[in-house]
Amino acid sequence: MQRAPHYLAIGHVTVDLDPDNGAPRLGGTALYAALTAARFGMDAAILTRGNYETFGADIREALARYSREVAMIVQEASAPTVFTNRTVAGRREQVVHSWAGAIDLSGLPPAWRSAPIIHLAPVAQEIDPRQASRLNPEFLGATPQGWMRKWPRGGGRVRLIPLRLPLEVTTRLDGLVLSTLEHTLARDEIEAVAQRGVVAITRGPDGATVIDRGRTYDIPAFSVPVRDDVGAGDVFAAVLFLLRAQHEGTSWAAKMAAAAAALRIRGIGPDAVPTREEVERFLDRLGERRR
């Protein structure tokens with residue numbers, strides 16, 4: 001895809017290890033977000049960095065399969081970024097086993113730098129936010145969790161750190177999505193973005209708070225059986241960004257985002273990312289209508 005995709009996600013496509021048996025599965029915000037955009041009918045693409053050859057045929061087959069839905073540029077690395085995610089007492093604990101290295105935004109095709117929607121989707125300090133000046137989207141969104149993670153150099157347990165974005169990046173952001181654990185460490189950035197764009201704080205089963213140009217919306221979660229909640233916030237963010245970029249009303253965009261996240265957690269992994277039609281049917285069955 002040399003022409004600009006409509007939705008570009010930048011961040012590591014990770015290998016996530018099952019905390020119980022160690023089985024690998026592809027993950028990462030960029031993958032979940034781009035698949036969401038593609039399944040909502042958009043041309044979607046990913047800029048990432050990694051090396052997936054050592055993880056066997058299943059991982060390579062999954063990468064090839066997702067590449068048929070989403071255009072990918074994979075910068076060379078000695079290994080992928082590998083996580084183990086475990087939920088303990090309602091909180092996610094993460095361990096980094098390997099890191100793919102920093103993504104070079106100069107590796108983007110020139111047309112991709114002007115994709116209408118660009119989603120900065122770091123999971124492990126892989127994007128230098130100062131390089132965002134090279135991008136020229138109509139809508140620039142970020143899920144900043146990867147800028148808020150620190151771990152031992154040789155790998156180990158992740159801890160949260162405060163978000164510190166350059167002013168020139170914060171003032172360009174049109175959308176920001178954080179978890180309830182992260183938002184207390186990003187108050188300045190939340191306040192700055194919410195004055196001119198949309199900010200969402202996701203709270204899992206307690207729904208989300210969305211602030212759009214100073215107006216606050218409380219969005220309830222949809223009650224569904226949970227099989228796997230990894231990637232739910234990424235799906236939420238992608239739907240919110242793409243619908244707000246299309247000038248959809250904030251309340252409906254956030255409701256669509258919550259419904260997409262609910263459908264995601266009913267299944268396992270990226271395969272459970274829903275289509276737009278599935279989300280609309282789900283809301284229709286519940287009697288939810290666009291107002």
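Buried means under 20% relative accessible area, exposed means over 50%, and partly exposed lies in between, with a 1.4 Å probe and protein chains only. This is a predicted model, so local features need pLDDT of at least 70 and side-chain atom pairs count only at pLDDT 80 or more, while totals for chains, interfaces and linings use all residues. Residues are numbered from 1 along each chain as its sequence is written, and side-chain values use heavy atoms, with hydrogens and water left out.

Start with the salt bridges. Side chains of opposite charge can pair when their charged atoms come close. A salt bridge here is a side-chain nitrogen of Lys or Arg within 4 Å of a carboxyl oxygen of Asp or Glu. By this rule there are 16 salt bridges.

Take glutamate 69 and arginine 39. Their closest N and O atoms are 2.8 Å apart. The pair links distant parts of the chain: arginine 39 is in helix 1 (residues 29–39), and glutamate 69 is in the loop between helix 2 (56–67) and strand 5 (71–75), 30 residues apart. Helices (H or I, at least four residues) and strands (E, at least two) are DSSP runs, numbered from the N terminus. Arginine 39 has 13% relative accessibility, so it counts as buried. Glutamate 69, at 34%, counts as partly exposed.

Next come aspartate 104 and arginine 134. Their side chains form a salt bridge at 3.7 Å, N to O. Aspartate 104 sits in the loop between strand 7 (91–98) and strand 8 (117–120), and arginine 134 in the loop between strand 8 and strand 9 (139–142), so the pair ties together parts 30 residues apart in sequence. Aspartate 104 is partly exposed at 36%. Arginine 134 is partly exposed at 41%.

Arginine 196 pairs with aspartate 174, with the closest N and O atoms 3.2 Å apart. Arginine 196 is in the loop between helix 4 (187–194) and strand 14 (198–202), and aspartate 174 is in the loop between helix 3 (167–170) and strand 13 (175–179), so this salt bridge ties together parts 22 residues apart in sequence. Arginine 196 is partly exposed at 40%, whereas aspartate 174 is buried at 16%.

Some charges join a network. Salt bridges link Arg25, Asp228 and Arg264. Arginine 264 lies in helix 6. At 0% relative accessibility, arginine 264 counts as buried. Contact means heavy atoms within 4.5 Å. Leaving aside neighbours within four places in sequence, the contacts of arginine 264 include Tyr32, Asp228, Val235 and Pro274.

Val235 belongs to helix 5, among the buried residues there. Of the 14 residues of helix 5, 12 are buried, so this helix is largely enclosed by the rest of the structure. Just after helix 5, histidine 247 takes a positive phi of about 65°.

Now the packing of helix 6. Two packed helices are described by the angle between their axes and the distance between the axes. Axes are lines fitted to C-alpha atoms, for helices over the stretch in contact, and angles run from 0 to 180 degrees between N-to-C directions. Helix 6 (residues 250–265) and helix 7 (residues 276–285) pack at about 100°, with axes 9 Å apart. They are therefore roughly perpendicular, a term for angles of 65 to 115 degrees. Helix 6 contributes residues including Trp252, Met256 and Leu263, and helix 7 residues including Val279, Phe282 and Leu283.

Notes: Angles under 35 degrees count as roughly parallel, over 145 as roughly antiparallel, 65 to 115 as roughly perpendicular and the rest as oblique.
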